[in-house]
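Here are three short exercises to work through with the model open in your viewer. Try each task before you read its solution.

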Amino acid sequence: MARVSGYPMERLYAQARRYLPGGVNSPVRAFRAVGGTPRFLERGEGAAVWDAEGRRYVDYVGSWGPLILGHAHPEVVEAVRDQARRGTSFGAPTVLETELAHRVCERIPSCEKVRFVSSGTEATMSALRLARAVTGRELIVKAEGCYHGHADGLLVKAGSGVMTLAIPGSPGVPEAVAARTRVVPYNDAAALEELFDREGREIACFIVEPIAGNMGVVPPVEGYLETARALTRRHGALLVFDEVITGFRVHPGGAQALYGVQPDLTCLGKVLGGGLPVGAFGGPAEIMDRLAPDGPVYQAGTLSGNPLAMRAGIATLDVLAREGVYDKLERSARRLAEGLQERFARAGVPAVLQRVGSMWTAFFSEAPVTDYASAARCDVRRFAQFFHAMLEQGVYLPPSQFEAAFVSTAHGEEEIAATLAAAERALAALA
Ligand code: PLP
């Protein structure tokens with residue numbers, strides 16, 4: 001088991017399946033939606049990753065969002081290396097937590113205080129508990145196709161792997177828990193209003209991805225987030241933005257800064273940890289102070305605020321704070337998206353490129369995707385063919401139609417040009 005380089009992927013996958021359910025620790029990694037054998041990755045640098053057979057790929061997964069600076073960014077690596085020498089976990093307060101919290105609260109408009117956790121799942125789960133405690137209500141509302149991690153009650157009609165594997169929810173989630181979740185179509189303000197009119201007095205919160213990323217990238221239609229804000233306020237419920245993907249990704253202040261709509265609670269993760277396990281949820285002090293130890297709402301974590309993760313997060317946010325970083329991301333992502341759209345058109349393959357900043361999806365669809373129903377109409381067979389043709393050409397895309405792809409600051413002219421050339425060949429092979 002020690003040496004893996006040079007081993008064929010099938011063998012590695014068989015070994016993995018012997019000890020790990022499905023051979024993976026997160027279902028979408030298993031390539032089930034596209035078929036074939038997942039690539040076992042050994043190394044990443046900048047915009048590239050190398051598999052265990054030594055093949056290089058331009059990477060648009062970016063660890064599913066965290067790696068906005070690319071793989072092994074020297075400043076992140078140095079911060080983690082330095083911290084490892086000083087100690088990897090104390091279970092006591094560190095100044096690092098205050099330093100990262102300060103950066104978060106400076107940038108994310110709605111956050112006066114944050115609590116760090118170790119994953120996005122923990123962030124949303126804890127935010128919901130807080131919302132229920134603050135409002136004294138039990139119902140939560142989510143939008144179809146949005147994914148908020150795998151906590152009970154949030155898997156109902158979720159996106160990401162739940163959508164990819166076409167499962168409606170999950171066995172093991174008690175009916176009584178699922179029954180406390182209401183689901184509305186994404187981008188449908190009228191449906192949300194109807195629900196609030198009917199059950200508004202029992203609703204603790206509406207949790208939503210302000211830009212959906214987990215059915216592929218679906219931006220909010222004009223006025224949707226504003227309506228959500230007005231309705232929750234009118235009915236005494238909280239608005240929770242799940243910015244686990246969008247936080248620090250689409251704008252320094254997240255989607256809430258981009259669209260100018262402030263939620264009551266914000267969930268963060270991914271970019272915040274610069275590739276180490278981190279999540280966070282934050283909001284006004286008045287709400288956040290309801291958490292233990294100041295308040296009665298219990299929430300805790302052995303590795304929460306972990307020093308390695310804090311250092312990686314601080315280093316990442318400091319690089320992102322430099323002038324021109326988001327402009328560069330925008331330029332690279334625009335060039336890629338426009339280039340791809342052009343090549344799809346030239347090849348006569350119906351596809352719609354949807355993008356906000358450096359997050360994007362190529363939907364194999366005739367029409368723009370605005371919600372779960374239109375995402376579900378995409379040609380997933382075509383997507384799978386394209387995915388494999390791109391992989392053959394050395395481009396690593398998310399292995400599902402219903403996921404966001406990511407451009408990092410490490411994706412330069414060269415990588416984008418190589419990707420467009422690869423797409424041209426892949427599309428020719430598809431025809
Ligand atoms: N929320 C959103 C929007 C996500 O995209 C994800 C993960 O993809 C999560 C929450 C859950 O985060 P984690 O996988 O870190 O638990």
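**Exercise 1. The open sheet**

Task: In what order do the four strands of the open sheet run, and which are the edge strands?

Solution: Keep in mind that this is a predicted model. Start with the strand order, which is E1-E2-E3-E13, with mixed pairing. Next, look for strands that pair on one side only: these are E1 (41-45) and E13 (395-396), the edge strands. Now zoom in on E1 and E2 (residues 48-51), which pair in the antiparallel sense over four bridges. Finally, pick out Glu45, whose bridge partner in E2 is Ala48.

**Exercise 2. Arg103**

Task: Decide whether Arg103 counts as buried or exposed, and find its contacts.

Solution: First locate Arg103 in helix H3, which covers residues 95-107. Then apply the cut-off: buried means under 20% relative accessible area. Arg103 has 17% relative accessibility, so the residue counts as buried. Last, set aside neighbours within four places in sequence; Arg103 is then in contact with Ile314, Leu317 and Asp318.

**Exercise 3. The second largest pocket**

Task: Describe the volume and the lining of the second largest pocket.

Solution: Begin with the space inside, about 650 Å³. Then turn to the lining, made up of 30 residues; Glu97, Val114, Arg115, Phe116 and Pro293 lie nearest the pocket's centre. The elements giving two or more residues to this lining are H3 and strand E4 (113-117). To finish, sort the lining by class: 14 residues are nonpolar, 10 polar and six charged.

Methods. Residues are numbered from 1 along each chain as its sequence is written. This is a predicted model: local features need pLDDT of at least 70, side-chain atom pairs count only at pLDDT 80 or more; totals for chains, interfaces and linings use all residues. Side-chain values use heavy atoms; hydrogens and water are left out. Buried means under 20% relative accessible area, exposed over 50%, partly exposed in between (1.4 Å probe, protein chains only). Contact means heavy atoms within 4.5 Å. On a 1 Å grid over the protein atoms alone, a cavity is a set of points where a 1.4 Å probe fits but cannot get out, and a pocket is an open set with protein on both sides within 12 Å along at least five of seven lines; lining residues have an atom within 4 Å of a point. Grid points are joined across faces, edges and corners, and a volume is the space filled by probe spheres set on the points. Ala, Val, Leu, Ile, Met, Phe, Trp, Tyr, Cys and Pro count as nonpolar, Asp, Glu, Lys and Arg as charged, and the others, Gly among them, as polar. Two strands pair if DSSP finds at least two bridges between them.
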